[in-house]
Amino acid sequence: MSLLSPWALAWAAAAAAILGLYFLKPRSRRVEVSSTWLWQGVLREESARSPVQWLKRHLLLLLQLLIALLAMFALARPALNQLQPVGRTVVLGMDVSAAMLANDGDSAAGAAAGAAAPAAGQTYTRLDEARARALAFLRGPEFRAGDRVIVMRLADRAEVVAQGTLPDDLPRLQAAVGGLRAVAAELDLSQGLEVAGGLTSTARVGQLVLFTGGVADPQRVTRPPELNITVIPVGKGQADNQAVTALAARRTATGDLEVFVRVRNFGDQPVQGALQLRVDGQAAQPQPVALPAGGSQPLVLTEFPTTASVVEATFVRDPPDLLLLDNQATAAVTVPPLRKVLLVGGRSDQLERALRAVPGVELTKTDPQRFDPKGGYDVYVFEGWFPPAPPPGHWLLIDPPSSQSPVHVGGALGRRTDGAREVNDAQIVRVLPSPLLQGVDLTGVGVQEAKKVDLPDWAEEVVAARTAPLIFMGYPRPYRAAVFAFDLRPPTTNLFGRVGFPVLIANTINWLSGEGTDGGEQTPGEGRFTPGDALLIQPLPRATRVEIQTPARRAYRFDGNQPVRFVDTERPGAYTVTQFAGDLEIVRRVYVASVLRPGREDALADLRPKPEVAALSTTAGAQAQPPVFGPGRETSFAEWWRLLGVLALVGLLAEWWWFHR
Amino acid sequence: MTGPPAGFASPFFLVLLLALPVIYLLGRRARRDRRTRAWPASLWLRLGTVACLVLALAGLRLPAPPREAATVFVLDLSDSVSADVRDGAKVWVRQALAQAGPDDRAAIVTFGRDARVELPLGHTRDHPVWGDPPLPDASDVAGALRLAGSLLPPAQSGVLRRIVLLSDGNENEGEAQRSLLQPALRDVQVAVLALPLRQQDAAIAGFAVPPALRSGEPAELRLGLTSPAAQSGTLRVWAQGGTINQLVYEQPLDLPAGPTELTVATGALTEGSWAFKAQLAVDGDPRTENNESWTYTIVGPAARVLLVEGVPNEAGTVRDALDAAGIQVERMRPQQLPVQADRLGAFEAIVLANVHGADLRRDQMQALKRYVAESGRGLVLIGGERTFGLGEYADTPLEETLPVTVQPPEREQASSLALVLVVDRSGSMSGSDTGDRRTTRMELAKEGAIQAVETLKEGDQVGVVSFDYSPRWVAEVRTIRGPADVRAVADRIATVQPDGGTDIYSALDYAHRGLQQVQARAKHIILLTDGEQGSPAPFVPLINAMRRSGITLSTVGVSGDIGSRAQADMQDWARRGQGRYYFTNTARDVPRIMTQEARLAGRSFVQERDFKPRLVTAAPAVRGLIPNDFPSLHGYVRVSPRAGAETVLTSDQEEVILAEWQYGLGRSLVWTADAQGEWSSDWADSDAAKRLWPQAVRWTMPAPSTPGLQVAIAGDGAQAGVVVESFDAPGQYRNSLQTVADVALPDGTSQRVPLPQSAPGRYEGHFPAPTPGVYFVQVTQSDPQNGRLVARQTTGYALPHLPEYAVNPANRVLLERLTAETGGPLLSKPGDSWVKTTQQPWQAQPVWPELLGAALVLFVADVAVRRLRPTRRDFAFAGSVAAGVRRLGRRLTPAGPFRRPRPPWRGPRRPSLADRVQ
């Protein structure tokens, strides 16, 4: 036996307190009469002679001490180390990936497993069959009392949804299996196997029973765990599925919208259907689509409204294919948001021109004497000067001043004599991957002088000289910041003359204001995320309100002065995020939760089971390892504080009765 | 596992609440009997005791902060963490396991390239034996966090869900910060133990070469080396192209502590794909994976350059130098310069050598401007006495393209100027080119002269001479002190009337003698005439005398009546007089010319002196040149650098000799001395010149590329993605093309990768690239209808070494961001892994220990009440003591601003009666 909370023995002080109370005489009103003298002596003599009387006289104290000690021990959580009978640990790996929504579930197999047959016209998915087979498996004869079952749902991640011991927890386990729902994601078999291997690594005998349609990327399984695996395939293994595997919208040089759609046939029969397009909710003319077996049809569509922001494409055919989820895709047409930038200083035309050239930037120029922190700008650019308090927005500091600076300037870098030779310790020696340098070639860029700045805790280096950073960026909170530790004007540096200079400035402004590094170009794939992942919105500093509208037309409203982590993103489609400054809309941006990931369409839409998945089975395969049935024993703790609690309750009742008897 | 928000774990124990009425009845009965002195306080205390005990037995759960922790220790066992640090981290984890609370559960995940479950979630308090390590050649923090998230109980379980990440933060696969957005990691607190930086080793930190070169061009390999201490080593570089695989560099090195930059030049490369391998050998280096590095370049066909010479064979040495460097040179006269973009596009760069502005038409200059700005090609302008300010480049499209303006530096503008306008007033000046009497040459000459005077600054001096057969002062030389002086001179000019013949020589001599008497730093004469000198005159001695007197001369010829011989004479006078020559058929140009000339007056466009050029910037054009060995130059045309231009060489007067800049998509470069004339007689045949000209011209050339095709390849150490942008013109996408990439792998095999279209004009695909080396990729686009080739481009992708072995500092910023985003702490002590401070929302927690403790306290109180039997007076006394203590506390609490603020949850203070009365 052991005590799980031994420190609780300090409650023995309660018993000591009770004992102490008994050393205090009860304060009674003393009234002396003659008869009391007579009987007092008789009673004292009699009680001294009888142990029962002594017990009777002190029973109250003893009961009280007993109650206190029982409570104390209960609080110390006594537990018995015991060997409990246990059997196998069986992990039921239930594939709930999107491919399990394919309508080729084998209803006959499901009925054989005890499930109700689907009504006429009702679809029967692979997941329906998997649930029926898993429930039948749980009721099956191979389990014995003491076997432990873990129900794990497998999709893009593995998650334990229930675990218990048979037969006690069977209802709970069945409920967990029955409650499984598919998610709009592909199957990451590698993680599922790793988690199952971990869950059974300490078991006496471990086994994974995998109910899956077999649609997964087997190449991701690099090192299967040493585990008995039984793969139970579900579904009829049909392949009649078509998917919209690509949808992207870009603007041409003339501003027209061009939409690219690819519909792919994963089946082994040619099919015909139609592609229905909706632009900002308005239906466009359907496009006929004829797909050869295993082939695809790309379409480039034009003549859309130039103001369009969301394009939806749906492939339809009669009868429908096996999986409807991948027949629809959404694309957003991004436009650079309007960002208000204040340039304080403006030592050179080149910087001003580069700032004005950033798409979506509205530039205002002022000087330090007229700087007003209440201007309501998104990004502040300071040249050689910084205000006494950081501005209420993201900031870029160029050539930090030696005093009144948000970063510590500890000297200067530049040409100096090092022994007999002249060196320039401001020269660039280190360039690190950074969003600021995307598309920027710093080859041949020279820095002749720079401020020697200590890299702050909040910052990460982008470009550095030998002993100090030259460009760095970070989150000093609550806003972002970037610092160029040198004057941009020649002859300090030749950066102005480089074709990459405007790109560097555009990247910096975009990163500061939370935009991508594409400068607002219509990059396909930008703003895409996986359904279910949180959508992180960094509102512009002047935003006071953020509204998010989901594909289900639900609207959410958030305070605009802090980042928004939006989690109601299970549904694929367009999420429109609008930022307001007061009642004025300042930014509208569309993010797309996309089921199919570019380049990985096969892992979800090709519904044919992969032979490598079935080959994972080790109990039925060439390296068969017969499972060991029957209970073993495993050390466990059995807490019994409740028994002590019940005894204490009985003691309380008894003591109360005895006191009032 | 997932409990309700509040409730009972064993509700059947609630039946024991039936004991409460029994206790009540027993207590009430005893009170009625008055045999005992049971107090109501005792009764209620006992009822409370039993109620607490029964609720504890029933397993009451109430919302409360998490009191149990489920912690997954995620341990970085990748190679970026040194072995001793990894062992120390394992010990740290074991110490943390030993300090877990009774209800805390722990799991262990190890990771490198992959992640492994070392220990599933449970109550294990020790982990003496560690399993197979993960693949150590990469760090996938995101994958490890995802796996750890899968091991944690659900978010609603009421357990503090925490991941303790032990890592140096140097991730090179996945994005850890982004993975926090996934559902499995939502509301999971990430605590971090930052592992120290791996012991630094000698490494090749960078290895680069221009990705595209031209045949005959040497490759300049830039190497970044790093060493933890000063030590010796050997650097070797191999070049591999076609069947060639040769060692091109082998030198012992003395590496200082820290980073070192080194440049290695190869010989001229032939057309094709070249891979370069660098190897740094250092004895005792603990890690050799980063001692090798790879890079590549694609060598295209030889460059073609158009050499335009103002004077035949003016730039013979330039041509020879370019020829010797493998650059194909085509020569042309200025007048032959094409204006069609496709014809100019056949050349990567154009060199203009001492070309006068008048020799180029405006459309030719416009074509040159577009050639640089829009086509991204190069322009090299070599000076001479026919160029820049001397060559009428001012305000032309050609000047816009250059990194300099033709204006000499401004530092002399402050000096005083004495200007004399010598204006022809012969009878022919009464003629009009338009037939309008108001626009006779005389009227326009007067207007031009007046405007010229108006451009002068305060302190300048001006005089006006008019001449026919004889000259006379219209306005003698006087100092401009204000608008009144300007007005006075203008009034005098307005009085000039045309009459008589033309004697230019006398007029010039007259003005010369007049100016000789004047004190000024710059003296200039502007001669304007529409006629010719009737009789021969000794102009050359006169002009030489003027030069000796410091007087410069510009000439302006008006009207087509002037013969070509006379034009040539005037041009010669201006050249000898170090001024400018203008000629116009339309007198309407006169005011503009005069104004411009007045602005330029007094500034010397030529500097003739012996000097050695000074190196300002180590630009590519002068790479490898040694400033001390520069031959002397003897003169140059004075120009001013533009903002944004890069001055590479200067004179001893710090005036531009060589300058360059980016203009639009292209580049231009100027050399203000001549190519092989008097000014550069010592320079022309020097080694410096032979090296300078090819480098300068190559710097201006665009990188070889396939029009309408952009190929970008990026890899992560496992695979490389190819993105192809295809367009007819920017923003005009080429769609529905069959696109494939043929990849030549480092092991000599090849692989064909289809690149399906993914967006308008965009084609994407990927190929496995896990081995360090160079992967050459040839992208081919063809029309699927007829198989016609649309575009083809060869490029490459170099994996220098696996990112895990790159020399990076520990990424503490990432680790701190992970903690900041999840509210987790930065850890130092193992026991802190179980600290329950969290911002997680409250969940239903079992509260039986608290209830049992409360029951015990109530029970002791009950016993005390019954033993001590306090009277009402005792309670009253206790109450007064408590009130006294409160009063004392208030008195000790400082008043005014030091008073403890009212807690916010109590809301605003209600106004007192006194407040309301006031």
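**Exercise 1. Surface and overall form of chain B**

What does the accessible surface of chain B come to, and what percentage of it belongs to carbon and sulfur atoms? Describe also how chain B is spread in space.

*Solution.* The model is a predicted one, and the steps below should be read with that in mind. As a start, the accessible surface of chain B comes to about 39800 Å², and 51% of this surface belongs to carbon and sulfur atoms. Next, the secondary structure of chain B is counted as 20 helices and 43 strands. The radius of gyration of chain B is 45 Å, whereas the globule rule gives 29 Å for 918 residues, so the chain is more spread out than a compact globule. Along the principal axes, the C-alpha atoms of chain B fill a box of roughly 155 × 90 × 60 Å. Finally, 54% of the 918 residues in chain B are buried, and among its contacts with a separation of 6 or more, 74% are between residues 24 or more positions apart.

**Exercise 2. A mixed sheet in chain B**

Work out the strand order of the open sheet of 5 strands in chain B, and explain why one side of E5 and of E7 is left without a neighbour in the sheet.

*Solution.* The order of the 5 strands is E5-E4-E3-E6-E7, and the pairing is mixed. Strand E5 (115–122) and strand E7 (189–194) of chain B stand at the edges, and because each has a single partner strand, one side of each lacks a neighbour in the sheet. On average, neighbouring strands of this sheet are turned by 15° against each other, direction ignored. Within the sheet, strand E3 (residues 69–76) and strand E6 (residues 160–167) of chain B pair in the parallel sense over 7 bridges, and in E6(B) the residue opposite B:Phe73 is B:Val164. Helix H17 (residues 812–822) of chain B packs on the sheet, where it touches E6 and E7 of chain B, and the direction of H17 makes about 155° with that of E7(B).

**Exercise 3. A hairpin and a covered helix in chain B**

Describe the pairing of E34(B) with E35(B), and then determine how many residues of helix H4 of chain B are buried.

*Solution.* Strand E34 (residues 709–715) and strand E35 (residues 719–729) of chain B are joined in the antiparallel sense over 7 bridges, with B:Glu725 in E35(B) as the bridge partner of B:Gln710. The hairpin has 3 residues between the strands, and B:Gly717 takes a positive phi near 95° in it. Turning to helix H4 (residues 141–151) of chain B, 10 of its 11 residues are buried, which leaves the helix mostly covered. Among these buried residues are B:Val141, B:Leu145, B:Leu147 and B:Leu151, and B:Gly143 and B:Gly149 are also included.

**Exercise 4. Chain A: strands and a tryptophan**

Trace the pairing of strand E14 of chain A with E10(A) and with E15(A), and decide whether A:Trp658 is buried or exposed.

*Solution.* Chain A has 12 helices and 34 strands, exposes about 29800 Å², and has 52% of its 661 residues buried. Strand E10 (residues 271–279) of chain A pairs with strand E14 (residues 310–316) of chain A in the antiparallel sense over 6 bridges, and A:Val311 in E14(A) is the bridge partner of A:Val279. E14(A) is also joined to strand E15 (residues 328–332) of chain A by 5 bridges, again antiparallel, and here A:Ala313 has A:Ala329 in E15(A) as its bridge partner.

As for A:Trp658, this residue lies in helix H12 (residues 641–660) of chain A. The relative accessible area of A:Trp658 is 13%, and since buried means under 20%, the residue is buried. Leaving out residues up to four places away in sequence, A:Trp658 touches A:Lys56, A:Leu59 and A:Leu60. The C-alpha atoms of A:Trp658 and A:Leu63 are separated by 9.5 Å, although the two residues are 595 residues apart along the chain.

**Exercise 5. The interface**

How many residues does the contact take from chain A and from chain B, and which residues of chain A lose the most area to chain B?

*Solution.* The contact takes 85 residues from chain A and 93 residues from chain B. The area buried between the two chains is about 7900 Å², and carbon and sulfur atoms give 59% of it. In chain A, the residues that lose the most area to chain B are A:Arg223, A:Arg250 and A:Trp656, which together account for 10% of what that side buries.

Note on methods: Residues are numbered from 1 along each chain as its sequence is written. Chains are lettered from A and ligands numbered from 1 in the order in which they are written. This is a predicted model: local features need pLDDT of at least 70, side-chain atom pairs count only at pLDDT 80 or more; totals for chains, interfaces and linings use all residues. Side-chain values use heavy atoms; hydrogens and water are left out. Two strands pair if DSSP finds at least two bridges between them. Helices (H or I, at least four residues) and strands (E, at least two) are DSSP runs, numbered from the N terminus. Axes are lines fitted to C-alpha atoms, for helices over the stretch in contact, and angles run from 0 to 180 degrees between N-to-C directions. Contact means heavy atoms within 4.5 Å. The radius of gyration is taken over C-alpha atoms; the globule rule is 2.2 Å times the number of residues to the power 0.38. Buried means under 20% relative accessible area, exposed over 50%, partly exposed in between (1.4 Å probe, protein chains only). Accessible areas come from the Shrake-Rupley method with a 1.4 Å probe; for residues, only the protein chains shown count as cover. Buried area is the accessible area (1.4 Å probe) that two parts lose on being put together, summed over both.
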